[in-house]
Amino acid sequence: MQECQSTRAIAATPVLLIAQLALLALYLWLFLGNQFDVNLELGRHLLPAFVGLLVVPLILAFLTEKWAEKSEKATGLIRFMGLMPVPLLTVVLFIISMTQVSQIDSTGPLIWPLMILFPAYLLAEAPVGKTLRRVFRLPVATGRTVIFSLGTRNSFVV
């Protein structure tokens, strides 16, 4: 049963990412109102983001699946990595953070409130996920998946 829940969560990821990209402009407009003055050129910004965030990972996932069908080592590596989503996410966040050091350095005083807000957001996600699990009468394993998803994917926004 646990594997079925994991499979569903993984299968929903591309759909959720597409929905998040589609709703991004709406969210920015809602939060920024008239200050929302971003030049979203299709060829320069949106298309590369779409390819880099969705198309390339989907192609890599497909190729990885094909590789795993032919190799026991690949299957073992995939199973091992499946047990380590938090450490792997930490590595990804570290790499992304290192590319943004100059941006962070130039923002100065803005960083300190975020250093408090980010952990507060992560701590708030557990009770929110637990409440969602109860309201929608989800199995415990699915509730854990919801909490993990809220705390990781949505924390990128924060």
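# Report on an all-helix chain

Buried residues account for 11% of the 158 residues in the protein chain. The model described here is predicted.

**Overall make-up**

The protein chain holds seven helices and zero strands. Read from the N terminus, its elements run α-α-α-α-α-α-α. The chain exposes about 12500 Å², and carbon and sulfur atoms supply 72% of that area. Among contacts between residues at least 6 apart in sequence, 52% join residues at least 24 apart.

**Helices H6 and H7**

The rest of this report follows the stretch from H6 to H7. The table lists the two helices with their extents.

| Helix | Residues | Number of residues | End-to-end C-alpha distance | Expected span |
|---|---|---|---|---|
| H6 | 111–135 | 25 residues | 35 Å | 36 Å |
| H7 | 140–152 | 13 residues | 18 Å | 18 Å |

In H6, the distance of 35 Å from the first C-alpha to the last is close to the 36 Å expected at 1.5 Å a residue. For H7, the end C-alpha atoms lie 18 Å apart, which agrees with the span expected for its 13 residues at 1.5 Å a residue.

Several residues of H7 are buried: Ala141, Thr142, Gly143, Ser149, Leu150, Gly151 and Thr152.

**The loop between them**

Arg137 sits in the loop between helix H6 and H7. Its phi is positive, about 50°, although Arg137 is not a glycine. Arg137 is also exposed, with a relative accessible area of 76%; the cut-off for exposed is over 50%.

**How the two helices pack**

Two packed helices are described by the angle between their axes and the distance between the axes. The axes of H6 and H7 come within 8 Å and cross at roughly 150°. Angles over 145 degrees count as roughly antiparallel, and H6 and H7 are therefore roughly antiparallel to each other. Their crossing is right-handed.

Which residues meet where H6 and H7 are in contact? On the H6 side they are Tyr121, Leu122, Glu125, Ala126, Val128, Gly129, Lys130, Leu132 and Arg133. On the H7 side they are Val140, Gly143, Val146, Ile147, Leu150 and Gly151. Gly143, Leu150 and Gly151 of H7 meet H6 residues and are also among the buried residues of H7.

**Summary of the pair**

H6 leads into a loop that holds Arg137, a residue with a positive phi and an exposed position. H7 follows that loop, and its axis comes within 8 Å of the axis of H6.

Note on methods
Residues are numbered from 1 along each chain as its sequence is written. This is a predicted model: local features need pLDDT of at least 70, side-chain atom pairs count only at pLDDT 80 or more; totals for chains, interfaces and linings use all residues. Side-chain values use heavy atoms; hydrogens and water are left out. Helices (H or I, at least four residues) and strands (E, at least two) are DSSP runs, numbered from the N terminus. Buried means under 20% relative accessible area, exposed over 50%, partly exposed in between (1.4 Å probe, protein chains only). Contact means heavy atoms within 4.5 Å. Accessible areas come from the Shrake-Rupley method with a 1.4 Å probe; for residues, only the protein chains shown count as cover. The expected span of a helix is 1.5 Å times one less than its number of residues. Axes are lines fitted to C-alpha atoms, for helices over the stretch in contact, and angles run from 0 to 180 degrees between N-to-C directions. Angles under 35 degrees count as roughly parallel, over 145 as roughly antiparallel, 65 to 115 as roughly perpendicular and the rest as oblique. A crossing is left-handed if the near helix is turned anticlockwise from the far one by less than a right angle, and right-handed if clockwise.
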